[in-house]
Amino acid sequence: MTNFETNEKHLSQIPALQLLISLGFECITPTEALHERQERTSNVLLENILRSQLKKINCIRYKANEYLFSEENVQSAIQKLKNIKYDGLLKTNEAVYDLLTLGTALEQTIEGNSRSFNLNYIDWRNPQRNRFHVTIEYSVQRSRSTETARPDIVLFVNGIPFCVIECKAPQVEVEQAVSQSIRNQNDDYIPKLFIYTQLVLAVNKNSAMYATTGSAAKFWGIWKEPQMEAGGRKFGKLQEFVNKPLENHTLARIADTLNTNPVSLKTDRLVTEQDKAIYSLCRPDRLLELTWKFTIFDGGIKKIARYQQYFVIKSTLNRVKQFDSNSSRKGGIIWHTQGSGKSLTMVMLARNLALNTEIMNPRIVLVTDRDDLDKQLGNTFAACGLEANRATSGRNLLELVAEKQSGIITTLIHKFDKAFAVKKYRCESPDIFILVDESHRTQFGSFSARMRQMFPNACYLGFTGTPLLKKEKNSFGRFGELVEPHYSITQAVEDGAVVPLLYEGRHVEMTQNKKAVDLWFERLTQGLTKEQKADLKRKYARAEMLNKADQVIYMRAFDISEHYRSNWQGTGFKAQLVAPNKVAALRYNSNLNEIGIVSSEIVISPPDMREGYDETDDETTDDVVKFWQKMMKRYGNEEEYTKQLINQFKHGSEPEILIVVDKLLTGFDAPRNTVLYLCRILREHTLLQAIARVNRLYEGKEFGFIVDYVSVLGELDKALTMYSAFEGFDESDLVGTIASIKSEIDKLPQRYSDLWDIFKSVKYSYDEEAYEVLLADDELREEFYGRLSEYSKTLAIAFSSDRFLFETDDKTLFRYKADLRKFQLLKASVKKVITEKMGEDPAFYEKFSKLIQQAIEDFRAKRISDLDYLEKVVDIRDKVVGKVHDDVPKKLTGNEDAMAYYGVLKPFFEKHDLDESDLESIAADTAIAIHSILKAHQKVQFWDDEDALKQTVNEIDDYLYDELKAGKSIELSLDQMDKIIEKVLQVAKHRSYRLSHIKLHKAKGRRLYCNTPTTDNAVKFNM
């Protein structure tokens, strides 16, 4: 039978290397790579390769002749790349990216004339002219250190590191490789490598994630390549590459480098998820394309396309190259759900159009129907380094388009009407691309007709973040068909591109039923002191003095204050409140301020202050006008007012709640925005756009929450299209849009049960030591942490729900909360105990950890019964608690310190040619001798006394040398002696603190398992 390997090297690193070589990368060994780096691990460029490639791909064209760049200029280009000033990872990476994509201008004298000529580092348009290399175990010197870090695989283009791949064994989560990659990019590791990289991958055989330099873990994504499943066209092609035979000398070099048998490298194998990712992302042409056309810096943050952005842009480019019978390019509709990067898709599409050689001098016009969206798109383009001119008027729009002054223009749709009024302009060029954002709103009416009148042959591309209404689907023929792939909310949630949304219909208590009101109030204010409750009760009573309409707003403000306080305050997460009109917005703000629990601000559009003007909703009152004048006095103008409040909301601690009416319901991106309080009836696209404000990714954010005070979706216990707000959509297009909070709360009993199920073998629930012994096993402990985290999150969601608090009895609420507290304390205690006890006697605890692991594996594999499993675990527990050492020599009996040293020493002596009895005797004698030396020097604050420590080390060193090396001819090297002393002293130090730690630990245990109610009601749910 042939053995198979299960380690990282054979199941991830070697297959990745073989595939990359098959894809066209030349393999160089770590030794050869170091030679290319002038034998310096601080240098990350392969300079000789870079030099020869700069000469090969560059020439100066001057007066119909071609000239080479001078050696001096080639060296200057290398130095410019090599010695780029480090100014933080992302800033430096952006400077490198500009050099790589734009090249560098160098002065050279040709035929007596001195001029600047551009030298390129990469030939982007002709991938085959570049050289691609791969190496493994690429040692790079750490910052301010002589130590090195060693990424598993590095890919080079023309000697420049472009991609770093971290590999893991299949049993290791790929997230560990992500963490390792992020760590390596930190300033105290090897940022000097990552200032050049464009792509980073984390892989094991069964999964893969990718990102670009500087990406936080939550922004690493998966890549889904079409036709890559078994039987697909691309799958077949990949299969050929995976099993393409490599030349014998290449196999020999890989085997030699990784110290493995060349024969094991020749076997045919099946295609893995790792193979799919490497083929999709790293094959030479795709690697260059992703870097050049699909990577942007958005406000200093580097971003690379997600798979849906890449493929829809490729589809769109193919589509616009086709012409219809009217000599117009074919357009279409791009539906990518909100929060999945729609604005960046528009930026990348514009970039691809501008770089496409088949479309000469494209003019790109981005159209919206709202001023804030127009500004946002312009800002996005500017932040991504693309110059977009914003049309300030109809006349200005005409100048920008007609006089061909700008490649990219952003405008509001009504300016087409004004532009046409200035001049009956008509341009029949097919190279004008009209990109219409949120096209479901803007494609109808006279403005749209005017746009098409001015540009009859333009290519019209509509973008929407929400699905189309049924009536709209028939009306979109003028744009063209849906451009695939579309990207629905279900796909975005599945890919982790957005967080799922939970909905709760919430009703404030307006009845005069005192018992019901008291119960509502008591549940709402859990965790507050008596004084705080009394203060809130006085504020609550104020509602009785208000009229009916004001009473509703006040009670909602009260409920919102308490809901936010008890669930979100202090977490860094923010909320939005949608008011029905500007007057109501002011009242919500006033009431929230009066209640005084949360901070809030209002962002609204200006009121119409024309004399004799009445707004349709009768909202332009003196209060609104006064508020607006106050804001203008404070901020100067509307733009500054909006900008400053948005920045405070996004980046500051206050305001915690932002109150809006229409403004910021669309096109507003604040990732920490987590809760939407809906106090206004919204429908269709407006509702979908509003709820998407809280679906963005943010550290620690599991869900976005929609809290509905106006019964838009009632209890959400029917299909979405059964509600009037969504009845115009096809049900299939809304799948996964939003779920009832109840669906998550319903998981609570099972998660509670799953958590307790871990400890079913513990005989007595108050036996703290038994819990801790059980959790000594690594796998079981990680399972406990995971289940505790899930339970904690679900309980937090449940406690945020009005309905759950009312429908659950007090006893159950207390039990859920008290048990969470117990398990949180157990987690903290176990972490401490594991560290301490492993330190006290590593061999002893490691042995029992393995026994527990074996028992668990036998039980899971059904090799032993429930009863046998229980007996084994209890037996192990008894031995650990009783410190039963059944495998140590008798001479150590009663001397626990020496037993612990024996466990550390024995593995060192096992490396020497000793029979078992001699081995045990020598290890035991050495343990007793070391114990005696340490005891002789024992004193108060021994571990802080350098002289005493030095003397102890010298005496142990003398014993090892005189008694063992000289006396018993055991060939201990100086390095081995140093390691023995280091490990023994580590154990001794842990054990010297044992008594005080045990006392402290016992005290904690008594508090942990006592049944008296805790006074700390504010249980922290998030793990």
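Two residues are in contact when their heavy atoms come within 4.5 Å. Keep that cut-off in hand for the core stop below. The model on screen is predicted.

**The whole protein**

Start with everything shown. The protein has 1023 residues, and 53% of them are buried. Colour by secondary structure: there are 41 helices and 27 strands. Now think about contacts with a separation of 6 or more. Residues 24 or more positions apart account for 72% of them. Switch on the surface. About 46900 Å² is exposed, with 49% of that supplied by carbon and sulfur atoms.

**Helix α1**

Select residues 8-22, which form helix α1. The helix has 15 residues and reaches 20 Å from first C-alpha to last, close to the 21 Å expected at 1.5 Å a residue. Where is the kink in α1? Go to Ile14: a kink of about 30° lies there, shortly before the proline Pro15.

Next, check the cover. Twelve of the 15 residues of α1 are buried, leaving the helix mostly covered. The buried ones include His10, Ser12 and Gln13, as well as Ile14 and Pro15 at the kink. Leu17, Leu19, Leu20 and Ile21 are also among them. Step past the end of the helix to Gly24. Its phi is positive, near 120°.

**The nonpolar cores**

Nonpolar side chains tend to be buried together in soluble globular proteins. Which residues touch the most other members of the largest nonpolar core? Select Leu81, Tyr121, Ile160, Ile165, Leu201 and Cys282. The core around them has 128 residues. Then add helix α13, residues 342-355, which gives the most to this core, with eight residues.

Centre on Ile160 and apply the contact cut-off. Setting aside neighbours within four places in sequence, Ile160 is in contact with Leu45, Leu50, Leu81, Leu100, Tyr121, Ile122, Leu155 and Tyr196. Apart from this core lies another, of 102 residues. Select Val578, Leu788, Leu805 and Tyr816, which are among its members.

**The salt bridges**

Show charged side chains. Those of opposite charge can pair when their charged atoms come close. The structure holds 40 salt bridges.

Begin with Arg61 and Glu66. Their closest N and O atoms are 3.5 Å apart. Are these two residues buried or exposed? Both Arg61 and Glu66 are exposed.

Move to Asp802 and Arg506, another salt bridge, with the closest N and O atoms 4.0 Å apart. Asp802 sits in helix α33 (802-807) and Arg506 in the loop between β21 (501-505) and α21 (514-524), so the pair ties together parts 296 residues apart in sequence. Asp802 and Arg506 are both buried.

Now pick Asp669 and Arg696. Their side chains meet in a salt bridge at 3.1 Å, N to O. Asp669 is in the loop between β24 (657-660) and β25 (673-678), while Arg696 is in the loop between α27 (684-691) and β26 (704-708), so this pair joins parts 27 residues apart in sequence. Asp669 is partly exposed, with a relative accessible area of 34%. Arg696 is buried, at 11%.

Finish on a group. Which residues are linked with Glu225 in a network of salt bridges? Select Lys234, Arg286, Glu289 and Lys314 along with Glu225 to see the network.

Terms used: Residues are numbered from 1 along each chain as its sequence is written. This is a predicted model: local features need pLDDT of at least 70, side-chain atom pairs count only at pLDDT 80 or more; totals for chains, interfaces and linings use all residues. Side-chain values use heavy atoms; hydrogens and water are left out. Helices (H or I, at least four residues) and strands (E, at least two) are DSSP runs, numbered from the N terminus. Buried means under 20% relative accessible area, exposed over 50%, partly exposed in between (1.4 Å probe, protein chains only). Accessible areas come from the Shrake-Rupley method with a 1.4 Å probe; for residues, only the protein chains shown count as cover. A nonpolar core is a set of buried Ala, Val, Leu, Ile, Met, Phe, Trp, Tyr and Cys residues joined through side-chain atoms within 4.5 Å. The expected span of a helix is 1.5 Å times one less than its number of residues. The bend at a residue is the angle between axes fitted to the seven residues ending there and the seven starting there.
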